[in-house]
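Student: I am new to this structure and would like a close look at a single part of it. Please start from one place, and then lead me step by step through its surroundings and on to other parts of the chain.

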Amino acid sequence: MSKPVVLIAEELSPATVDALGPDFEVRSVDGTDRPALLSALADANAVLIRSATKIDEEAIAAAPKLQVVARAGVGLDNVDIKAATTAGVMVVNAPTSNIISAAELTVGHILSLARHIPAAHNALAKGQWKRSAYTGVELFEKTVGIIGLGRIGALIAARLQAFGVEVIAYDPYITAARAQQLGVQTVSLDELLERSDFVTIHMPKTPETTGMIGTEQLAKMKPTSFVVNVARGGLIDEAALFTALSTGVIAGAGLDVFVTEPPLESPLLSLPNVVVTPHLGASTDDAQEKAGVSVAKSVRLALAGELVPDAVNVAGGVIDPYVRPGIPLVEKLGQLFSGLAHGPITSLDVEVRGELVDYDVSVLKLAALKGVFTNVVSETVSYVNAPLLAEQRGIAVRLITDGESPAYRNVITLRGSVSDGTQFSVSGTLTGPKQIEKLVGIDGYEIEVPIAKHHIVMRYADRPGIVAVYGSEFGEAGINIAGMQIARNEAGGQALSVLTVDSPVPAEVIDRVRAAIDAKVFVEIDITEE
């Protein structure tokens with residue numbers, strides 16, 4: 001029998017080919033040569049790429065034998081994940097390959113800002129001996145604030161403590177126990193900004209975090225403080241940052257990422273108190289080799305028909321066809337679960353009931369964790385790192401199965417608690433020939449709501465006129481209610497209302513409606529679909 005064909009479309013380390021082993025026919029092509037790439041894909045079972053090769057719908061259509069696209073790195077902007085999933089092609093990346101490189105670059109930016117290293121180098125290279133102009137500060141006994149204490153944030157905390165700094169952090173999803181393990185004090189975002197001499201941000205880029213450091217936040221910082229962003233362009237409002245740096249609101253900034261890359265027209269590049277690098281977070285030989293070896297191992301698993309830990313979509317693997325439709329459902333339930341959490345999650349039970357228990361449903365626990373962390377961590381969340389993310393945060397996770405399911409053929413419930421002891425749950429199922437994803441329970445209230453992109457969950461005292469109140473408020477704000485269901489356990493008790501809306505709801509509208517109905521719970525949840 002002929003060997004499966006693995007196509008390498010960009011330069012990868014020799015260790016990558018070694019990791020593939022002798023079981024494949026390895027071919028090479030220049031992925032930026034479009035005609036050559038499309039021609040080479042015709043026989044390929046797998047393709048390994050970096051950032052320059054575009055695997056879009058056209059490329060996937062040209063590859064009828066393709067089983068896996070492997071990106072030797074983190075970002076997947078050059079891969080059409082939806083088209084790949086539709087075609088049954090698995091997409092994998094290397095989500096942990098660059099975390100050390102990114103952490104070390106962050107420390108490098110902090111040191112460069114503290115000691116004016118780039119400016120001093122440039123001056124001396126021009127023949128200028130200007131010692132007094134570049135007097136800096138020590139890190140010793142300074143305070144460093146880390147926004148986002150995920151895997152990269154934790155690595156930075158560990159490295160900076162060797163300098164004798166005080167490390168504080170803001171991360172609403174980190175438990176106190178985990179922070180204590182890291183030797184970090186958790187504080188509010190405002191307190192972090194006010195106390196820190198250096199602020200470094202490591203959050204995922206979502207609608208909620210985009211521009212999270214703006215004029216108001218920069219004004220809370222010391223005039224001697226510095227801010228660093230090696231995570232995602234846009235987390236810091238660049239216009240606000242330019243103003244703050246130009247007017248002395250803060251002392252300086254270190255930037256590796258920008259809203260537009262390359263940022264050739266950015267006024268930030270003209271400022272003397274800014275240290276910039278061209279998105280070098282993953283640009284080390286070590287990270288590139290780790291990435292190549294990691295995806296080579298994933299390719300071996302995929303072509304062997306096994307479940308791939310680093311798969312970012314759900315196609316392929318040895319998941320039973322009866323179980324597979326439940327994976328995207330459970331990921332969405334995970335997002336709903338984390339959206340309802342009002343504090344750090346400490347435990348999570350994934351309860352599977354019904355006919356599904358006759359199959360291997362362990363992937364549903366991974367899917368639940370992936371959903372829980374999708375919008376709350378800066379790393380790309382995959383099936384391999386989701387359990388580790390839970391472990392890092394001290395979350396106890398269990399998979400519970402029971403063949404009895406009185407109301408539905410199958411029902412999956414995510415049940416857990418947060419740090420103050422409050423327990424909550426969400427349940428979902430698939431209904432009908434089209435396997436419609438439905439939310440069928442929240443905290444013991446029975447509902448049946450098709451899962452959509454935008455939901456609002458409200459709990460309030462059951463009394464006449466409430467629907468009219470929030471219906472009017474949303475209508476005046478131009479928010480269209482596409483669906484609504486109300487549940488209650490007893491007359492005059494607490495009522496639960498779940499709305500499906502066509503667009504995100506502005507914060508001021510949420511605050512106004514919450515106050516108007518005196519809601520005990522009021523949460524807007526936006527579902528991210530891959």
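Tutor: Let us start at G75, which is partly exposed because its relative accessible area of 33% falls between the 20% that bounds buried residues and the 50% above which a residue counts as exposed. This is a predicted model, and the place of G75 in it is the loop that runs between strand 4 (68–71) and helix 4 (81–86). If you want a reference point elsewhere in the chain, take G150, which is 75 residues away in sequence, while the C-alpha atoms of G75 and G150 are separated by 17 Å.

To place such points in a wider frame, it helps to know that the domain assignment divides the chain into domain 1 (5–96 + 286–304), domain 2 (98–276), domain 3 (317–451) and domain 4 (454–529). Taken over C-alpha atoms, the centres of domain 2 and domain 4 are separated by 38 Å.

From here we can turn to helix 2 (residues 34–41), where L37, L38 and L41 are buried. These residues lie on the same side of helix 2, because the arc they cover around the axis is only 95 degrees. Strand 1 (5–8), strand 3 (46–49) and helix 3 (57–61) are included in what covers the buried residues of helix 2, whereas P35 and S39 are exposed and sit on the face turned away from the buried side.

Next comes an open sheet, in which seven strands follow the order 8-7-6-9-10-11-12 with parallel pairing. At its edges stand strand 8 (185–186) and strand 12 (274–276), and since each has a single partner strand, one side of each is left without a neighbour in the sheet. Further in, strand 9 (residues 198–201) and strand 10 (residues 226–229) run parallel and are joined by four bridges, and one pair you can look for is T200 with its bridge partner V228 in strand 10.

A further set of pairings centres on strand 13 (residues 345–354), which is mostly covered, with seven of its 10 residues buried. Nine bridges hold the antiparallel pairing of strand 13 with strand 15 (residues 410–418), where V350 stands opposite L414 of strand 15. Strand 13 also runs parallel to strand 14 (residues 396–402), to which seven bridges join it, and here V352 has T401 of strand 14 as its bridge partner. One residue of strand 13 that deserves attention is D349, which counts as buried because its relative accessible area is 13%, and the limit for buried residues is 20%. The side chain of D349 makes a polar contact with the side chain of R398 at 2.6 Å. Leaving aside residues up to four places away in sequence, D349 touches R398, I400, T413, L414 and R415.

The last group of strands brings us to strand 17 (residues 436–442), of which six of the seven residues are buried, so that strand 17 is largely enclosed by the rest of the structure. Strand 16 (residues 423–431) runs antiparallel to strand 17 and is joined to it by six bridges, among which you can find S427 paired with G441. The two strands form a hairpin with four residues between them, and in that turn G432 has a positive phi of about 75 degrees. Strand 17 pairs in the antiparallel sense with strand 18 (residues 445–450) as well, over four bridges, and G441 stands opposite E446 of strand 18. Strand 17 and strand 18 likewise form a hairpin, with two residues between them, and D443 in this turn has a positive phi of about 50 degrees.

Finally, consider the nonpolar cores. In the largest one, which has 48 residues, L333, L364, F373, I412, V426 and I442 touch the most other members. Residues of this core come from both domain 3 (317–451) and domain 4 (454–529), so the core lies between them. Apart from it lies another core, of 30 residues, including I110, L113, I152 and F226. To follow one member of the largest core, look at L333: not counting residues up to four places away in sequence, L333 touches I412, L414, V426, S427, G428, L439 and I451.

Terms used. Residues are numbered from 1 along each chain as its sequence is written. This is a predicted model: local features need pLDDT of at least 70, side-chain atom pairs count only at pLDDT 80 or more; totals for chains, interfaces and linings use all residues. Side-chain values use heavy atoms; hydrogens and water are left out. Buried means under 20% relative accessible area, exposed over 50%, partly exposed in between (1.4 Å probe, protein chains only). The arc is that of the directions from the helix axis to the C-beta atoms. Contact means heavy atoms within 4.5 Å. Two strands pair if DSSP finds at least two bridges between them. Domain bounds come from an automatic or database domain assignment. A polar contact is a pair of N or O atoms within 3.5 Å; within protein, one must be able to donate a hydrogen and the other to accept it, and residues adjacent in sequence count only if both atoms are side-chain atoms. A nonpolar core is a set of buried Ala, Val, Leu, Ile, Met, Phe, Trp, Tyr and Cys residues joined through side-chain atoms within 4.5 Å.
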